[in-house]
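Open the viewer, switch on the cartoon and keep the side chains ready. We will go from one selection to the next, with a short note on what is there each time.

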Amino acid sequence: MIPQTVDTLLTIEGAQSARTWHARLPNGRAVLAFRPEESAPLILEPGAKARARLTVCDFSRALVLADEE
């Protein structure tokens, strides 16, 4: 069975807004990392590593996970 999501570790390249960042996957692919409005905000600096979840339908954006998620 094919999973619906894939968890990975991103490298943050820079902030786009308070809840979105430019980031890279471990293979070097650029993605848009984001946190939804209803989630607690995170402070991520360039070079930081962040856990994230991608859907198998769209590898161009990644949901940044907090430690408790």
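Start by selecting Asp58 and Arg61 in this predicted model. Their side chains meet in a salt bridge, at 3.6 Å from N to O. Color the two by accessibility: Asp58 is partly exposed at a relative accessible area of 26%, and Arg61 is partly exposed too, at 45%.

Now widen the search to other charged pairs. Side chains of opposite charge can pair when their charged atoms come close. With a cut-off of 4 Å between a side-chain nitrogen of Lys or Arg and a carboxyl oxygen of Asp or Glu, the count comes to 4 salt bridges.

Select Arg24 and Glu13 next. Here the closest N and O atoms are 2.7 Å apart, and the two residues form a salt bridge. Arg24 lies in strand 2 and Glu13 in strand 1, so this pair ties together parts that are 11 residues apart in sequence. Show the surface around them: Arg24 is partly exposed, with a relative accessible area of 32%, and Glu13 is partly exposed with 41%.

Move on to Glu37 and Arg19, whose side chains meet in a salt bridge at 3.9 Å, N to O. Glu37 sits in the loop between strand 3 (30–34) and strand 4, while Arg19 sits in the loop between strand 1 and strand 2, so the pair ties together parts 18 residues apart in sequence. Which of these two is buried and which is exposed? Glu37 counts as exposed, at 65% relative accessibility, whereas Arg19 is buried at 17%.

Time to hide the side chains and look at the strands. What do the 5 strands close into? They close into a barrel, in the order 1-2-3-5-4, with mixed pairing. From one strand to the next, the twist averages 50°.

Walk around the barrel, beginning with strand 1 (residues 5–15). Strand 1 and strand 2 (residues 20–24) run antiparallel and are joined by 4 bridges. Pick Ile12 in this pairing, and you will find Ala23 of strand 2 standing opposite. The two strands form a hairpin, with 4 residues between them.

From strand 2, step across to strand 3. These strands also run antiparallel, with 5 bridges joining them. Click on Arg24 again: its bridge partner in strand 3 is Ala30. Strand 2 and strand 3 make a hairpin with 5 residues between them, and in its turn Gly28 has a positive phi of about 95°.

Stay on strand 3 and turn its side chains back on. They alternate along the strand: Val31 and Ala33 point to one face and are buried, while Ala30, Leu32 and Phe34 point to the other and are not.

The next neighbor in the barrel order is strand 5. How do strand 3 and strand 5 run, parallel or antiparallel? They run parallel, joined by 3 bridges. To see the register, select Ala33 and look for Ala62 opposite in strand 5.

Strand 5 then leads to strand 4. The two pair in the antiparallel sense over 3 bridges, and Arg53 stands opposite Leu63 of strand 5. To complete the circuit, follow strand 4 back to strand 1, which pairs with strand 4 in the antiparallel sense over 7 bridges. Thr11 is a handy marker for this pairing: its bridge partner in strand 4 is Lys49.

Now select Leu10, in strand 1. Its relative accessible area is 0%, under the 20% cut-off, so Leu10 is buried. Which residues does Leu10 touch, not counting those up to four places away in sequence? Its contacts are Ala23, Arg24, Leu25, Val31, Ala33, Ala48, Lys49, Ala50, Ala52 and Ala62. Try a C-alpha distance as well: Leu10 and Pro26 are 6.6 Å apart in space, while 16 residues separate them in sequence.

For the last stop, return to the surface and select Ile2, Val6, Val56 and Phe59. These residues form a nonpolar patch with about 350 Å² of accessible area together. Zoom in on Val56, found in the loop between strand 4 (49–55) and strand 5 (58–64). Val56 is partly exposed, with a relative accessible area of 37%.

Technical notes
Residues are numbered from 1 along each chain as its sequence is written. This is a predicted model: local features need pLDDT of at least 70, side-chain atom pairs count only at pLDDT 80 or more; totals for chains, interfaces and linings use all residues. Side-chain values use heavy atoms; hydrogens and water are left out. Patches are made of residues with over 30% relative accessible area and no salt bridge: like charges are joined within 9 Å, nonpolar side chains (Val, Leu, Ile, Met, Phe, Trp, Tyr) within 5 Å. Accessible areas come from the Shrake-Rupley method with a 1.4 Å probe; for residues, only the protein chains shown count as cover. Buried means under 20% relative accessible area, exposed over 50%, partly exposed in between (1.4 Å probe, protein chains only). Two strands pair if DSSP finds at least two bridges between them. Contact means heavy atoms within 4.5 Å. Axes are lines fitted to C-alpha atoms, for helices over the stretch in contact, and angles run from 0 to 180 degrees between N-to-C directions.
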